[in-house]
Amino acid sequence: MKKIVSLDVESNRKHYNSIMRRFYIILFYGLLLFFHPNAFAQQRLDEATIQKRLNTRFEKLLEYPIDSLGFPRSMSVKTGLIKKVPSKDWTSGFYVGNLWQLYIITGDTRYKEYASQWNPYLEKEKFNGKTHDMGFKIYCSYGKGYEITQSEAYKKIIIKSAQTLSTRFSNKVGSLKSWDNRDRWEFPVIIDNMMNLELLFEASKLTGDDSYRKIAIQHANTTLKNHFRKDNSCYHVLGYDSISGKVISKNTHQGYSDASSWARGQAWAVYGFTMAYRYTMDKSYLKQAEATAQFFINHKNLPVDGIPYWDFDVPNIPNTYRDASAAAIMASALIELYSVTKNEMYLNYSNKVIQSLSSDKYLLHKSVKGPFILDHCTGDWSKKLELDEPIVYGDYYFLETLIRKKALK
């Protein structure tokens with residue numbers, strides 16, 4: 001009799017423990033959902049679903065009429081107003097680059113043909129020595145086109161553009177000058193400028209002339225020496241003395257403050273130094289790219305969906321803008337960084353960003369008319385411009401992320 005009672009007690013105890021385990025599991029996930037409302041907001045999308053959703057959005061880029069003076073830069077979803085810019089604007093090459101990349105992704109020749117029609121309206125920029133943004137304008141358009149077509153005409157434009165960009169290099173400073181006509185800085189160098197070095201590296205490959213490569217390496221070395229903080233975040237703008245070459249100031253132009261970490265700036269840095277490592281195999285570049293990537297990925301203010309606030313140090317987080325463009329730039333960079341290091345953390349972040357940006361939250365709805373793919377990018381907070389809007393360079397690096405991810409397989 002005692003034995004039977006003992007078994008009943010044991011059975012009841014196990015049943016009770018089972019119920020309590022389920023209770024605590026439900027409680028745990030309930031609390032997690034309560035404190036992190038985005039944790040389960042997105043259903044994980046399979047690749048086929050992602051591709052179907054994206055293809056619907058991609059078609060919108062073919063609906064924008066050719067306009068030699070009006071390259072699409074951004075838009076207001078509320079009003080439908082598209083901001084158009086001339087070829088001299090630093091963003092002018094991205095829309096054409098998006099068309100070339102969509103041809104790579106889809107194989108649909110309509111994108112290739114449309115890109116070929118748009119490209120000529122950018123050619124005159126190969127002579128524009130008043131800007132450091134030659135890489136953004138020419139390499140993101142003609143560079144992508146050359147990759148696909150191997151056009152000799154495109155090759156010549158790339159080389160001429162590199163020659164023009166090289167005129168902005170100062171041996172005293174050891175950098176390419178970023179902006180002209182800025183009263184605040186005598187010789188400003190912004191972290192974004194790392195992105196234009198790819199044009200120079202490629203020009204050396206195309207011509208055999210090492211002078212372009214030497215300028216790119218010197219600029220990268222100067223940036224590596226001066227642009228980073230002890231926590232491996234980077235400043236946005238450094239002001240140099242053009243005579244002595246010494247750093248005069250360390251500031252921001254688009255971030256929250258001189259001491260804050262502007263999200264897109266961190267992404268430019270990781271992308272730029274990962275790219276520089278590809279051309280040079282200089283391990284100091286790889287080390288910095290990894291350090292800044294980990295600063296970004298592990299930051300306490302990075303949301304669970306991987307899409308950062310526009311600046312990591314804005315006091316009113318979470319009640320501020322996200323920047324999908326910063327996430328896309330970082331995701332693209334980290335796929336390349338993963339291919340070098342095989343560190344799964346980098347690939348996991350990029351996969352998360354692809355999932356997030358393909359969701360209803362960030363992907364523009366098919367009913368929105370405009371040649372853009374993503375929403376919720378942040379342009380220039382300091383001027384209150386392009387806040388929480390589709391911006392063309394966010395699309396460019398998102399498409400590049402998809403291409404790079406596919407190439408891993």
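Three strands of this predicted model form an open sheet in the order β5-β6-β7, with antiparallel pairing. At its edges lie β5 (187-190) and β7 (247-251), each of which pairs on one side only. On average, and with direction ignored, neighbouring strands of this sheet are turned by 20° against each other. Helix α8 (residues 211-226) packs on the sheet and touches β5, β6 and β7; the direction of α8 makes about 105° with that of β6.

The pairing of β5 with strand β6 (residues 237-240) is antiparallel and extends over 4 bridges. Within β6, valine 237 is the bridge partner of isoleucine 190. Strands of a sheet pair in general through backbone hydrogen bonds, in either a parallel or an antiparallel manner.

A further element is helix α5, which covers residues 134-149 and bends by about 30° at cysteine 140. Of the 16 residues of α5, 13 are buried, so this helix is largely enclosed by the rest of the structure. Glutamine 150, which comes just after α5, takes a positive phi of about 55°.

Confidence in the model is as follows. The protein chain has an average pLDDT of 92, and 89% of the residues score at least 70. Two stretches with low values are listed below, together with their contacts in the model.

| Stretch | pLDDT | Contacts |
|---|---|---|
| Residues 1-7 | below 50 | 0 contacts beyond near neighbours in sequence |
| Residues 28-42 | under 50 | 12 contacts beyond four places in sequence |

How values were computed:
Residues numbered from 1 in each chain as written. Predicted model: local features only at pLDDT ≥ 70, side-chain atom pairs only at ≥ 80, totals over all residues. Heavy atoms only, no water. pLDDT = per-residue confidence, 0-100. Contact = heavy atoms within 4.5 Å. Bend = angle between axes of the 7 residues up to and from the residue. Helix = DSSP H or I, 4+ residues; strand = E, 2+ residues; numbered from the N terminus. Buried < 20%, exposed > 50% of the residue type's maximum accessible area, 1.4 Å probe, protein only. Pairing = 2+ DSSP bridges. Axes fitted to C-alpha atoms, helices over the stretch in contact; angles between N-to-C directions.
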